[in-house]
Amino acid sequence: MVLDILAIGAHPDDIELGCGGSLAKLARAGARVHALVLSRGGRGCHAGVDRSDESHRALRRLGVTQVIQQDFPDTGFPACGNDIVAAIEQACALITPHRVYT
């Protein structure tokens with residue numbers, strides 16, 4: 001049986017730094033690894049910097065087969081909690097993961 005794994009991160013690089021080693025190991029073992037990144041991580045960066053491109057490249061190197069990028073406001077998650085829950089539910093319905101890493 002092939003495992004479907006979903007990793008969820010609030011910002012670009014959260015997944016790579018938080019559970020990247022585990023995801024790489026799972027991918028090498030044949031799991032299908034998916035990532036859901038909830039924001040583009042714009043706060044704390046120079047104006048116009050989109051950290052998601054770098055994050056997506058890193059995730060691909062770790063063996064992630066699909067990256068779902070959302071654009072919720074960095075540091076503004078409490079204001080859109082219901083929409084974030086809906087995005088996570090939608091990703092889970094699409095992927096039907098055996099495991100979820102957050």
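I began with an odd residue: Asp13 comes out as partly exposed, at 30% relative accessibility. I should say right away that this is a predicted model. Asp13 sits in the loop between strand 1 and helix 1. What caught my eye is its phi, which is positive at about 85° even though Asp13 is not a glycine.

**Another positive phi**

I went looking for a similar case and landed on Thr75. Its phi is near 70°, again a positive value in a residue other than glycine. I found Thr75 in the loop between strand 3 and helix 3, the helix that covers 81-95. Is Thr75 buried or exposed? I got 60% relative accessibility for Thr75, and the cut-off for exposed is over 50%, so Thr75 counts as exposed.

**Stepping back to the whole chain**

Next I wanted the overall layout. I counted three helices and four strands in the chain. Reading from the N terminus, I noted the order β-α-β-α-β-α-β. The radius of gyration is 13 Å, close to the 13 Å that the globule rule gives for 102 residues, so the chain is as compact as a globular protein of that length. I also wrote down the span of the C-alpha trace along its principal axes, about 45 × 25 × 15 Å.

How much of the chain is buried? I have 39% of the 102 residues down as buried. I then checked how far along the sequence the contacts reach. Taking contacts between residues at least 6 apart in sequence, 78% of them join residues at least 24 apart.

**Helix 1 against helix 2**

I turned to a pair of helices: helix 1, residues 14-28, and helix 2, residues 52-62. Their axes are 8 Å apart and the packing angle is about 30°. Angles under 35 degrees count as roughly parallel, so that is how I describe helix 1 and helix 2 relative to each other.

Which residues meet there? From helix 1 I listed Ile15, Glu16, Gly20, Leu23, Ala24 and Ala27. From helix 2 I listed Ser55, Ala58, Leu59 and Leu62. Sorted by class, this contact has seven nonpolar, two polar and one charged residues.

While in helix 2, I stopped at Ser52. Ser52 has a relative accessible area of 1%, so I put it down as buried. Leaving out residues up to four places away in sequence, I saw Ser52 touch Pro12, Arg40 and Gln69.

**The cores**

Then I looked inside. The largest nonpolar core holds 14 residues, and Ile15, Leu23, Val33 and Leu59 touch the most other members. Strand 1 (4-9), helix 1, strand 2 (32-37) and strand 3 (64-69) are the elements that give two or more residues to this core. Which element supplies the largest share? I found that helix 1 does, with five residues. Apart from this core lies another one, of 12 residues, and I noted Ile8, Leu36, Ile68 and Ile95 among them.

I took a closer look at Val33, one of the residues with the most core partners. Setting aside neighbours within four places in sequence, I have Val33 in contact with Ile5, Leu23, Ala27, Gly63, Val64, Thr65 and Gln66.

**Leu6 and Pro97**

My next stop was Leu6, in strand 1. At 0% relative accessibility, Leu6 counts as buried. Not counting residues up to four places away in sequence, I found that Leu6 touches His34, Ala35, Leu36, Ala91, Cys92, Ile95, Pro97, Arg99, Val100 and Tyr101. I also checked Leu6 against Arg32: they are 26 residues apart along the chain, and their C-alpha atoms are separated by 8.7 Å.

Pro97 was on the Leu6 list, and I followed it up. Pro97 is in the loop between helix 3 and strand 4, which covers 99-101. Pro97 has 22% relative accessibility, and buried means under 20%, so Pro97 counts as partly exposed. Besides Leu6, its contacts beyond four places in sequence include Asp4, Ile5 and Cys92. Last, I paired Pro97 with Ser39: they are 58 residues apart in sequence, and 21 Å apart in space from C-alpha to C-alpha.

Notes: Residues numbered from 1 in each chain as written. Predicted model: local features only at pLDDT ≥ 70, side-chain atom pairs only at ≥ 80, totals over all residues. Heavy atoms only, no water. Axes fitted to C-alpha atoms, helices over the stretch in contact; angles between N-to-C directions. Parallel < 35°, antiparallel > 145°, perpendicular 65-115°, else oblique. Contact = heavy atoms within 4.5 Å. Nonpolar A, V, L, I, M, F, W, Y, C, P; charged D, E, K, R; others polar. Buried < 20%, exposed > 50% of the residue type's maximum accessible area, 1.4 Å probe, protein only. Core = buried A, V, L, I, M, F, W, Y, C linked by side-chain atoms within 4.5 Å. Rg over C-alpha atoms; globule rule 2.2 N^0.38 Å.
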